Amino acid sequence: MSRLWVLGAGQLGAMLKTAGRPLALDVVPVDIDTIDALHLHEGDVVTAEREQWPETLATRQLASHDRFINRDVFGTLADRKTQKALIDSLSLATAPWQTVTTDTRADALHTALGERVLLKRRTGGYDGRGQHWLKAAEPGEIPEGWHDQAIAEQAINFDEEVSLVGARDSRGNCVFYPLTLNLHVNGILMASLAPLQRLQHLQEQAESMLGTLLNELDYVGVMAMECFRVGDQLMINELAPRVHNSGHWTQAGAHMSQFEAHLRAIADLPLAPPMTKGITAMVNLVGTERNNQWLTVPPAELHWYGKSVRPGRKVGHININDSRPAVVRSALMALAPELPENYKAVLDWLAEHLRD
Ligand code: ATP
Ligand code: MG
């Protein structure tokens, strides 16, 4: 049996490995800094849990393998400039933007993009890092070292944030999960909820957008599309060529998780349209110590990543699934005293949107 190698050994790699077990798929996440020689074979498949990686012994070996799936996509999507240019070239809606060049000035950005402009570093940003707001009301300049390294985006006054996770197989068949409602606080995903009846009318629009991208890139595997909802119009915020945090709810809420969908696609196994069960709330555990009291609250399912805890670091998540929204809500309320104070707003947000 051939092996599926994952470039990167964080929580996404670990969850891919777990998802491979019932299918007897040999999934091997690889720490990018490993000094062990990898014994790759011709029939093996290589995928990645991250968009970008430094040149190391391991990444050189993995990325040069003949069956590194989507090899050419990572470069395009890892750089916000080429990612946004791709979205524009397909006439898909996204926040108006421009490149920050050597001589770009803040006032010129305000003239072109408006009162509030968000600078985003072209590469390496995640969880809201690598972003800088420019507000015409509080004059500021482009930070040192950001020229040529960033794009500038118009601030979007969105109603809410949603995402779509989809998968495409090598024959071009695409499947999609229902749209997910997401709560970001200071740029970090804190909670997700899916599926929601009231988002159903946007599903076709979202699938058409992501489907266009998947086909254009001849992509194989799972991709996530983060969007802003502005009325009935979706605008793409960003794309992730991998399994995505906003798809973690599928572990509890679908017959096939996003991790399994990705593996099926890259291993050339049949993909099937995901069937969802009930409603699922996902709460991200960010910078908080493990608390085994969480385990006393059914039907909460804990996924603890076993990483050291640091402020702002994603260290686990909890999925709560049931066919009855009231049961999900009760579980959230039972978790509240066992989570830090700042989670009150997150749990309230989930409880409110569970009403659908
Ligand atoms: P991720 O961890 O998902 O990769 P990120 O740090 O790479 O996130 P973005 O998703 O681009 O960066 O931005 C993080 C959050 O910042 C968004 O979820 C949204 O809440 C806010 N944001 C981003 N772009 C805009 C914009 N143009 N207008 C208003 N808010 C924005
Ligand atoms: Mg994002």
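Let me start with Leu90, which sits in the loop between helix H4, residues 80-89, and strand S4, residues 97-100. Bear in mind throughout that this is a predicted model. Which residues does Leu90 touch, once its neighbours within four places in sequence are left aside? They are Thr212, Leu213 and Glu216. Take Glu216 as the example: 126 residues separate it from Leu90 in sequence, yet the two C-alpha atoms are 8.6 Å apart in space. The three partners bring us to helix H6, which spans residues 203-216.

Staying with H4, look at what packs against that helix. Helix H3, residues 71-78, meets H4 at an angle of about 100°, and the axes are 5 Å apart. H3 and H4 are therefore roughly perpendicular to each other, since angles of 65 to 115 degrees are counted that way. On the H3 side the contact uses Gly75, Thr76, Leu77 and Ala78. On the H4 side it uses Arg80, Thr82, Gln83 and Leu86. By class, that contact has three nonpolar residues, four polar and one charged.

Now two other helix pairs. Helix H1, residues 11-20, packs on helix H8, residues 258-266, with an angle of about 75° and axes 8 Å apart. That makes H1 roughly perpendicular to H8. From H1 come Leu12, Met15, Leu16, Ala19 and Gly20. From H8 come Phe259, Glu260, His262 and Leu263. The residues here divide into six nonpolar, two polar and one charged.

The other pair is helix H9, residues 325-335, with helix H10, residues 343-353. Their angle is about 170°, and their axes lie 10 Å apart. So how do H9 and H10 run, roughly parallel or roughly antiparallel? Roughly antiparallel, because the cut-off for that is over 145 degrees. Arg329, Leu332 and Met333 of H9 meet Leu347, Leu350 and Ala351 of H10. Five of these residues are nonpolar, none is polar and one is charged.

Next, the ligand. There are 21 residues around ligand 1, and the ones that come nearest are Lys120, Asp127, Gly128, Glu161 and Glu238. By class the shell is evenly split, with seven nonpolar, seven polar and seven charged residues.

Three polar contacts are worth pointing out on the screen. The side chain of Glu153 has an N or O atom 2.8 Å from a nitrogen atom of ligand 1. At Ile156 the backbone is involved instead: one of its N or O atoms is 2.9 Å from a nitrogen atom of the ligand. The third is at Asn237, where a side-chain N or O atom lies 2.9 Å from an oxygen atom of ligand 1.

How much of ligand 1 does the protein bury? The ligand taken alone exposes 610 Å², and 91% of that is buried by the protein. Which elements give two or more residues to the shell? They are strands S5 (116-121), S6 (131-135), S7 (150-154), S12 (221-230) and S13 (233-240).

Two of those strands, S6 and S7, are joined by a loop that holds Asp148. Asp148 has a phi near 70°, which is a positive value in a residue other than glycine.

Last, the cis peptide bonds. One runs from Ala194 to Pro195, with omega near -10°. Pro195 is in the loop between strand S11, residues 188-194, and helix H6. Another cis bond runs from Pro298 to Pro299, and omega there is near -5°. Where is Pro299? It is in the loop between strand S14, residues 279-286, and strand S15, residues 300-304.

To go back to the start for a moment: H6 is the helix that follows the Pro195 loop, and Leu90 is in contact with Thr212, Leu213 and Glu216. That is what I have for today.

Notes: Residues are numbered from 1 along each chain as its sequence is written. Chains are lettered from A and ligands numbered from 1 in the order in which they are written. This is a predicted model: local features need pLDDT of at least 70, side-chain atom pairs count only at pLDDT 80 or more; totals for chains, interfaces and linings use all residues. Side-chain values use heavy atoms; hydrogens and water are left out. Axes are lines fitted to C-alpha atoms, for helices over the stretch in contact, and angles run from 0 to 180 degrees between N-to-C directions. Helices (H or I, at least four residues) and strands (E, at least two) are DSSP runs, numbered from the N terminus. Angles under 35 degrees count as roughly parallel, over 145 as roughly antiparallel, 65 to 115 as roughly perpendicular and the rest as oblique. Contact means heavy atoms within 4.5 Å. Ala, Val, Leu, Ile, Met, Phe, Trp, Tyr, Cys and Pro count as nonpolar, Asp, Glu, Lys and Arg as charged, and the others, Gly among them, as polar. A residue is near a molecule or strand if one of its heavy atoms lies within 4 Å of it. A polar contact is a pair of N or O atoms within 3.5 Å; within protein, one must be able to donate a hydrogen and the other to accept it, and residues adjacent in sequence count only if both atoms are side-chain atoms. Accessible areas come from the Shrake-Rupley method with a 1.4 Å probe; for residues, only the protein chains shown count as cover.
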